[in-house]
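Work through the exercises below with the model open. Each task is followed by its solution.

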Protein chains: 2
Amino acid sequence: MAPRGETRERVLRTAAELFQRQGYHGTGLNQVLARSGAPKGSLYFHFPEGKEQLASESVALSGRTVSEALAEVVLAAPDGRAGLAAIGDHFARNLLESDFGKGCPVATVALETAAGSETIRAACDTAYGQWLDGLRVALLGWGVPGERAEPLAALVLSALQGALMLARVQRDVSVIHQVTRQLAGLL
Amino acid sequence: MAPRGETRERVLRTAAELFQRQGYHGTGLNQVLARSGAPKGSLYFHFPEGKEQLASESVALSGRTVSEALAEVVLAAPDGRAGLAAIGDHFARNLLESDFGKGCPVATVALETAAGSETIRAACDTAYGQWLDGLRVALLGWGVPGERAEPLAALVLSALQGALMLARVQRDVSVIHQVTRQLAGLL
DNA sequence: AAATCTATAGACCGGTCGGTCTAGTCTGTT
DNA sequence: AACAGACTAGACCGACCGGTCTATAGATTT
């Protein structure tokens with residue numbers, strides 16, 4: 001038998017990746033189980049509220065992961081221009097490495113479930129809230145005046161999310177760089 | 001029997017709205033048929049390639065509809081600031097009137113199917129291409145220099161798409177206005 | 001009126017969905 | 001050794017999925 005807690009982790013990570021690639025309704029529990037090697041009983045033991053709980057926790061996990069990656073990138077950037085470019089590069093690389101399969105790990109699920117599941121919507125809201133806060137702090141660090149930081153963070157996150165989606169649809173990451181370059185010009 | 005071509009139209013319109021609200025995988029053909037009152041045989045008579053064709057044509061229809069609405073709004077706007085505000089208002093109103101059910105009619109389907117169905121991805125790409133072009137022309141009309149119009153159109157569309165998604169997740173349209181106000185400042 | 005074409009009508013198909021249930025197998029405690 | 005709780009294992013369920021098929025009704029042509 002696998003070590004304590006190991007199965008839950010593996011199922012959650014597998015689910016997070018599949019939700020990112022295929023969305024909520026496009027991902028079947030049987031697929032998650034087949035890929036993670038767990039039986040159905042384990043899934044409903046660890047996630048008694050079923051698919052909704054699995055998706056909520058997947059979104060939360062992805063939210064934390066991106067937050068951490070964002071923080072790393074931001075800390076390593078000498079200024080805002082470089083920071084925004086690095087964030088764009090990060091997402092663009094993920095896109096290219098997965099043949100445009102892995103976009104934003106939250107967006108697809110968010111759009112699919114925002115109106116249908118309050119639980120998942122709240123998880124997505126929390127994730128985006130974390131990113132907004134991280135961006136706001138980063139902007140302050142880059143010399144953006146205090147009263148400009150919050151709206152600018154919203155603009156940056158919106159534009160990034162939109163560009164990430166356009167890039168998937170166009171199968172071309174150049175729109176990401178085009179957008180981050182213009183955002184950098186605002187600092 | 002219904003007049004010629006009337007059933008096809010009704011099915012297509014119903015499908016477009018359901019895809020907009022629930023996405024591709026979240027919308028069942030039986031649901032489309034029940035709501036439009038058409039039998040299954042009619043669906044596969046008018047859309048012999050099935051669900052993919054129905055989604056592609058729905059996206060194309062929504063693309064045209066939004067293009068036209070965009071053109072109207074743009075023509076009525078005295079300047080760029082007013083134009084961007086009007087575009088934001090348009091989407092925000094749709095969101096509020098549908099209790100945050102109807103966001104971008106293309107985005108959800110686009111994210112769900114970009115990697116899985118080349119046909120649908122191409123339809124989404126075409127729709128966004130039309131919007132980009134419409135925006136580029138509008139920006140030119142508002143005095144944006146020629147070489148700035150294309151990248152700025154990409155930024156505006158990206159930011160709008162992102163803001164529209166954030167607004168659904170937050171169940172609050174204010175981020176849309178926050179974003180369009182800042183975009184207007186760029187003109 | 002016969003034939004033909006367009007479109008409707010819905011029963012039916014195998015497969016998959018999310019979810020439940022019971023049985024069994026570990027591990028740590030006493 | 002006996003027991004309890006944690007966890008695995010997968011058969012099984014009704015519902016629904018997208019898609020196919022045959023039959024038929026209405027309009028159009030000959």
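Helices (H or I, at least four residues) and strands (E, at least two) are DSSP runs, numbered from the N terminus. This is a predicted model: local features need pLDDT of at least 70, side-chain atom pairs count only at pLDDT 80 or more, and totals for chains, interfaces and linings use all residues. Residues are numbered from 1 along each chain as its sequence is written, and chains are lettered from A and ligands numbered from 1 in the order in which they are written.

**Exercise 1. Describe the annotated N-terminal segments of chain A.**

Start with the record. An unreviewed UniProt entry places "domain: HTH tetR-type" on residues 5–65 of chain A. UniProt positions are given in the numbering used here, feature names are shortened, and annotations may be inferred rather than shown by experiment. Next, take the secondary structure. Residues 5–65 of chain A are 77% helix and 0% strand, with end C-alpha atoms 19 Å apart. Then take the second annotation. The unreviewed entry also marks residues 28–47 of chain A as "DNA-binding region". Those residues are 75% helix and 0% strand, and their end C-alpha atoms lie 15 Å apart.

**Exercise 2. Work out which residues line each DNA strand.**

Fix the cut-off. A residue is near a strand if its C-beta atom, placed from the backbone, lies within 6 Å of it. Take DNA strand C. Of its 21 surrounding residues, the nearest are Gly28(A), Gly50(A), Thr7(B), Gly41(B) and Ser42(B). α2 (29–36) and α3 (40–46) of chain A and α3 (40–46) of chain B each give at least two residues. The largest share, five residues, is from α3(B). Sort this surface by class: seven nonpolar, ten polar and four charged residues. Here Ala, Val, Leu, Ile, Met, Phe, Trp, Tyr, Cys and Pro count as nonpolar, Asp, Glu, Lys and Arg as charged, and the others, Gly among them, as polar.

Now take DNA strand D. It is surrounded by 21 residues, the closest being Thr7(A), Gly41(A), Ser42(A), Gly28(B) and Gly50(B). Two or more residues come from each of α3 of chain A and α2 (29–36) and α3 of chain B. For this strand, α3(A) has the largest share, five residues.

**Exercise 3. Characterise the contact between the chains.**

Two residues are in contact if their C-beta atoms, placed from the backbone, lie within 7 Å. Count each side: 37 residues from chain A and 37 residues from chain B. On chain B, α6 (107–113), α7 (118–141), α8 (146–170) and α9 (174–184) each supply at least two residues. α8(B) gives the most, with 15 residues. The side of chain B comprises 20 nonpolar, twelve polar and five charged residues. Compare the sides: 100% of the interface residues of chain B are also interface residues in chain A, so the copies meet through the same surface.

**Exercise 4. Find the symmetry relating the copies.**

Superpose by least squares on the C-alpha atoms of residues with pLDDT of at least 70 in both copies. A turn of 180° and a shift of 0.0 Å along the axis lay chain B on chain A, with an RMSD of 0.0 Å. The two copies are therefore related as by a two-fold rotation axis. In chain B, Ala159(B) comes closest to that axis, at 1.9 Å (C-alpha).

**Exercise 5. Trace the contacts of Cys124(A).**

Leave aside neighbours within four places in sequence. Cys124(A) is then in contact with Val59(A), Val106(A), Val109(A), Ala110(A) and, across the chains, Val169(B).
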